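Please open the model in your viewer and keep a selection panel at hand. The stops below are meant to be taken in order, each with something to select and something to look for.

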Amino acid sequence: MQVLSKMSSVPVTCIEYAHPWTNSCSVATAELMIVGLQYCLRIYAAVYAFSLLMRGRIPTPPELVKTIRGWLQSSAFLTTNAFSYMMITCLVRRAFGSFNFYTVSYVPAFFAAFVSILVERSSRRALLALYVSNVATETLWNILQSRGVVRSVPYGEIAIFGLSTSVLMYCYRLNRQKDYRDSMFDVVRFAIGDSEVMKSEPAPAVAPTTDEPTQSRDCAGSARSTGKRGHSYPFIQAMLRAYLQLTGRLKRLGKHKLCRHRHSCLYDTLSSGARMFSMGLGIQVVLKVVLQLRKLINRPSLLRKTFLNKEIVRLGLFLGGFTSIYKMSSCALRHFTNSDSPLYALPSGLLASAAFGFYADNTIALYIMWKTLQIIYNWGIEKGYLPRVPGFTVLLYAASTALLFHAATIEPKNLRPSYWKFLYSISGGRICVMDRSGFDVYGLDTTGQISTMMKLCKTEPILVGKLS
């Protein structure tokens, strides 16, 4: 078969390609609007309900009204993106008389995304642009790799995470979060603490702690009190005393005069790592139980197998390892150089990123990369180093979404399976009904890729009928 160039036109109508289940462009658009609205209302209802629950209190009437308005507005945004894509696809076909490689999906998707993001609240546009840019970056890499332009880099996600995290930690140590508030700094502060933030004066020296003897006496007194009641647990009490003595000794070990943490460097490193490891382990345990609750109820024997699975500690090893290595290397640099500098965040971040190997994930690495770029860009604008591009967030969202829709239409094997399932759900399965056979002339085996994605994601075309 002769392979056409990307600019060559293909004499395919929108009826044959975009909506073969109906001859009416209006009906096809209306169907996507109705199906998409049902899906979006259901999805965003869960999102906004979860945001209310996370507040940990009963919402006030004004908060409920604001939440409902946000729910409806977000649903309208995503629904607009769905049905306007079909509408603009048909308009492009009528305007140009045919499709080519770019007008078949990218151009309609760009304008549909551009219009729809304007429906969403301005406070959520940056978050949405960041998400789709994350997925689009991975998709673009897969496209270039399939064409032989780039090659897969071993441990590339770890390198991206390490470089991005190092710059992010450098910004954090400069205490730039006071100039530019960002949720990512809250995450860093929770993991690393404020002791790594550069300040004008070092933290005052802390006298050797005397908590341990007091705690030991309290423990001994508690043991005697418990023994009088006849419920003594000598082994547990001995373990508790040993723990208190060990932590007391670790706290009294030395630290550098420029270190801002309260206790010794070793104690700060170990305690921070243990805290983050416990949190990561707890998150994994909760997720495993919630996602497999039905199986665990029917087969309780799976509980032991689930908790003994080595995969369950990967997140904890990553979080605990990253925190410990970063703190240990930062303290070591202060000890060896007898100085402190924000630049120490760069080697410390690179070393700590080795722990990402326990939980290497493209999504996390790309998210950190884009978040770091966003922070640098905003600071550059504030300092006058970079120009402010009007509507940059909107354009970024439109360009990234268009790339994802284009990949889903022409070469879906390069698309993340989870995003294919999302498009399948919001279109009511119509993404599988679209007839792409006319575009096989571009030499990408589009029809074969669609079949592969349907099998991989366990999706299938649905029976679509006209609206009455």
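**Helix 15 and its ends**

Begin with helix 15, whose 22 residues should span 32 Å at 1.5 Å a residue, and whose end C-alpha atoms are 31 Å apart, so the two values agree. Keep in mind from here on that this is a predicted model. At the start of helix 15, show the side chain of D361, one oxygen of which comes to within 3.0 Å of the backbone nitrogen of T363. Then move to the other end, where G384, just after helix 15, has a positive phi of about 85°.

**Helix 5 for comparison**

Next select helix 5, which has 25 residues and reaches 36 Å from its first C-alpha to its last, close to the 36 Å expected at 1.5 Å a residue. Here too a glycine with a positive phi can be selected: G148 follows helix 5, and its phi is near 80°.

**The largest pocket**

Now display the largest pocket, which holds about 1,000 Å³ of space. It is lined by 38 residues, of which Y44, F77, L78, R124 and L128 are the closest to its centre. To see where the lining comes from, colour helix 2 (25-53), helix 3 (61-96), helix 5 (122-146), helix 16 (392-410), helix 17 (417-426) and helix 18 (430-433), each of which supplies at least two residues. Helix 3 gives the most, with nine residues. If you colour the lining of the largest pocket by class instead, you should find 25 nonpolar, six polar and seven charged residues.

Stay with R124 for a moment and add E120 to the selection, as the two form a salt bridge in which the closest N and O atoms are 3.1 Å apart. Both R124 and E120 are buried.

**The second largest pocket**

The second largest pocket has a volume of about 670 Å³. Among the 21 residues that line it, M184, V187, F318, L319 and I368 are the closest to its centre. Helix 6 (156-173), helix 7 (183-192), helix 10 (265-291), helix 13 (314-337) and helix 15 (362-383) each give two or more residues to this lining, and the largest share, six residues, comes from helix 7. What does the lining of the second largest pocket look like by class? It has 19 nonpolar and two polar residues, and no charged residues.

**Salt bridges**

For the last stops, turn to the charged side chains: the whole structure contains 11 salt bridges. Select R430 and E31, whose side chains meet in a salt bridge at 3.6 Å, N to O. R430 lies in helix 18 and E31 in helix 2, so this pair ties together parts that are 399 residues apart in sequence. Buried or exposed, how does R430 count? R430 counts as buried because its relative accessibility is 9%, under the 20% limit, and E31 also counts as buried, at 1%.

Finish with D340 and R334, whose side chains likewise meet in a salt bridge at 3.6 Å, N to O. D340 is buried, with a relative accessible area of 18%, and R334 counts as buried at 1% relative accessibility. Widen the selection to R173 and R260 as well, and you will have a network of salt bridges that links R173, R260, R334 and D340.

Notes:
Residues numbered from 1 in each chain as written. Predicted model: local features only at pLDDT ≥ 70, side-chain atom pairs only at ≥ 80, totals over all residues. Heavy atoms only, no water. 1 Å grid on protein atoms, 1.4 Å probe; cavity = no way out; pocket = protein on both sides within 12 Å on 5 of 7 lines; lining within 4 Å. Points joined across faces, edges and corners; volume = space filled by probe spheres on them. Helix = DSSP H or I, 4+ residues; strand = E, 2+ residues; numbered from the N terminus. Nonpolar A, V, L, I, M, F, W, Y, C, P; charged D, E, K, R; others polar. Expected span 1.5 Å × (residues − 1). Polar contact = N/O pair within 3.5 Å; in protein donor to acceptor, adjacent residues only side chain to side chain. Salt bridge = Lys/Arg side-chain N within 4 Å of Asp/Glu carboxyl O. Buried < 20%, exposed > 50% of the residue type's maximum accessible area, 1.4 Å probe, protein only.
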